Amino acid sequence: MGSIEDSRTETGCSKPIAIRFVEYINKSTLTFRTYQAIVLILTFLAYASYHATRKTTSIVKSTLYPKSSKLGFSPWPRTHFLRLSTERREKDSIDNGWAPFDGSEGHLGDRMDLRVFLTVGMVGTAIFTSLFGAGYWLNIHSFYYFLAIQMFAGLFQSTGWPSVVAVLGNWFGKRKRGLIMGIWNAHTSVGNIFGSLVASALLEYGWGWSFAIPGLLTAIMGLAVFLFLPSSPEIVGVDSEEDGQLESPKKNEIKEPLLKRLPEVKEKPIGFIEAWKIPGVAPFALCLFFSKLVAYTFLYWLPFYISHTEIEGGYLSDETSGNLSTIFDVGGVVGGILAGHISDQLDARAITAASFMYCAIPALFFYRIYGEVSLYVNIALLFVAGMFVNGPYALITTAVSADLGTHSSLNGNSRALATVTAIIDGTGSVGAALGPLLTGYISAKSWNEVFTMLMVAALIAGLLLTRLVVAELAAKIGKSRAQAHGSTKLPLRLEV
């Protein structure tokens, strides 16, 4: 270790301060497994906090823009999960709203230390999320104020996903990557659930608190990332294990040749066009466009939809609707893990993702038609819809992105991972923005048309993977035939 000041590696990035302190006290370097555990926990909590701040908007939406005169009535008993709004909140939500939302008009990761990049994104997200909530206490009613705040918040939030996936890809190899990342990707749903519950609980104190508290927690989490997160094994000077993503220099090897290759292989960021040319990037990116269109429509509109849709002849309160919407995210946790495990077992990412998207179509149809029958039917159908909608979304944004970011055509250039991830998730983010936007206009006419749009999007998402699905099937059939004939020469497998 030398001393606590010995903080920089040959990559030019520094060790996290807290890691340096711990190693200085212990007089030894932490083990590879310990670093992996730290990375899993911190990246999980970091992105969960991002989603907690995103979910707040959907919970507060009905308070800012009350539309139904029946809003707030609930036929369900007073349980921990189903709680009625107070009489004061019903009146405020129904009659007042918050201008300007109460009217009809209310409608660089590869090139810098990922730890610093992620920290800046989280702190920026926290600041602008809190500033949105500050509009409540400052009595701000300017639409352009809230628009500008949301734009800057979105800018900082865009730093999150490429960063956490790149860090995780640096520490975990391809073996069982789908299962590991499927479990890890539960952070999306956990963040949504946490954000829903916190925002719903704080509504009675004023909607500003529903933004301020998640913002504060995100800032605290950003500080933890800065202090503890090691972005790659080489930064902290540990050797990768057999299934690790990177290969650090062995103790008995001469370092001179490796150092000469670093600028060519590990230091040079991949170009935007070059990343798009990697086999599988374009179809998966376009598939994610439509997958996130569906997922984010539910993210931002589900509580509003539930509170404005009759369930067994009555309407649920804002708080109850927000709590009920978390069932979709619970299904998403199961779907993400299931999709990751299946894709590992089949060794077929495209087949798994396409199958889930096709299954999402009837799931959405049945939820729209039969969700109003009873509360328990609504819960069951919402769980199934969340499982099939979020399953491929989780798979593509985690295991698939990491696979493509370490494609053999990159010759070991691990720094391409954030660029590839940013391209895939960035393309998906366009769909994530478009879906909720279109829903705002289409829902004014009919929710049936909204669900038709979502089902068509799910169909297109599946069809976009057809070529990769056919290639995976052909490779598996060829492999089975070769094994049946006792051949030792197996067909090449499509890398995705």
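These are my notebook entries on a predicted model, covering confidence, helix packing and a few single residues.

**Entry 1. Confidence**

I started with pLDDT. The chain average is 76, and 73% of the residues score at least 70. I then went through the elements. Helix α18, residues 447–463, has the highest mean pLDDT, at 95. The lowest mean, 40, belongs to helix α11, residues 256–265.

I noted two weak stretches. Residues 68–95 have pLDDT below 50, yet the model gives this stretch 63 contacts beyond near neighbours in sequence. Residues 242–267 stay under 50 as well. For these residues I find 43 contacts beyond four places in sequence. Where pLDDT is low, the predicted coordinates should not be read in detail. I left both stretches there.

**Entry 2. α8 against α9**

Next came helix pairs. Two packed helices are described by the angle between their axes and the distance between the axes. I looked up both for each pair.

Helix α8 covers residues 186–202 and helix α9 covers residues 207–228. Their axes lie 8 Å apart, at an angle of about 135 degrees. That angle makes α8 oblique to α9. The crossing is right-handed. From α8, the contact uses Phe194, Val198, Ala199 and Leu202. From α9, it uses Trp209, Ser210, Ile213, Pro214 and Leu217. I sorted the contact residues by class: eight are nonpolar, one is polar and none is charged.

**Entry 3. α8 against α14**

I stayed with α8 and turned to its packing on α14. Here the angle is about 170 degrees and the axes are 9 Å apart. The cut-off for roughly antiparallel is over 145 degrees, so α8 and α14 are roughly antiparallel to each other. The α8 side of the contact consists of Ala186, Ser189, Asn192, Ile193, Ser196, Leu197 and Ser200. The α14 side consists of Glu319, Gly322, Asn323, Ser325, Thr326, Asp329, Val330, Gly332 and Val333. By class I get five nonpolar, nine polar and two charged residues.

I picked out Ser196 of α8. Is Ser196 buried or exposed? Its relative accessibility is 0%, so Ser196 counts as buried. I also checked Ser196 against Ser210. They are 14 residues apart in sequence, and their C-alpha atoms are 9.2 Å apart. Ser196 is listed in the α14 contact, whereas Ser210 is listed in the contact of α8 with α9.

**Entry 4. α15 against α18**

I went on to helix α15, residues 349–370, and its packing on α18. The axes come within 7 Å and cross at roughly 170 degrees. That makes α15 roughly antiparallel to α18. On α15 I list Ala354, Met357, Tyr358, Ala360, Ile361, Leu364, Phe365, Tyr367 and Arg368. On α18 I list Trp447, Asn448, Phe451, Leu454, Met455, Ala458, Leu459, Ala461, Gly462 and Leu463. The classes come to 16 nonpolar, two polar and one charged.

**Entry 5. Two buried polar residues**

Ser291 sits in helix α13, residues 281–307. Its relative accessible area is 0%, so Ser291 is buried. What does Ser291 touch, not counting residues up to four places away in sequence? I find Met357, Val389, Pro392, Tyr393 and Ala461. Met357 and Ala461 also appear in the contact between α15 and α18.

Asn390 lies in helix α16, residues 375–405. At 7% relative accessibility, Asn390 counts as buried. Leaving aside neighbours within four places in sequence, Asn390 is in contact with Ser189, Ala295, Phe328 and Gly332. I had already met Ser189 and Gly332 in the contact of α8 with α14.

**Entry 6. Positive phi**

Last, I looked up backbone angles. Which values did I find for Asn139 and where is that residue? Asn139 has phi near 55 degrees, positive in a residue other than glycine. Asn139 is in the loop between α4 and α5. At 51% relative accessibility, Asn139 counts as exposed.

Asp347 also has a positive phi, about 55 degrees, although it is not a glycine. Asp347 is in the loop between α14 and α15. At 39% relative accessibility, Asp347 counts as partly exposed.

Lys27 comes just after α1 and takes a positive phi of about 60 degrees. In α1 itself, residues 17–26, I noted the buried residues as Ala18, Ile19, Arg20 and Glu23.

Notes. Residues numbered from 1 in each chain as written. Predicted model: local features only at pLDDT ≥ 70, side-chain atom pairs only at ≥ 80, totals over all residues. Heavy atoms only, no water. Axes fitted to C-alpha atoms, helices over the stretch in contact; angles between N-to-C directions. Helix = DSSP H or I, 4+ residues; strand = E, 2+ residues; numbered from the N terminus. Parallel < 35°, antiparallel > 145°, perpendicular 65-115°, else oblique. Left-handed = near helix turned anticlockwise from the far one by under 90°. Contact = heavy atoms within 4.5 Å. Nonpolar A, V, L, I, M, F, W, Y, C, P; charged D, E, K, R; others polar. Buried < 20%, exposed > 50% of the residue type's maximum accessible area, 1.4 Å probe, protein only. pLDDT = per-residue confidence, 0-100.
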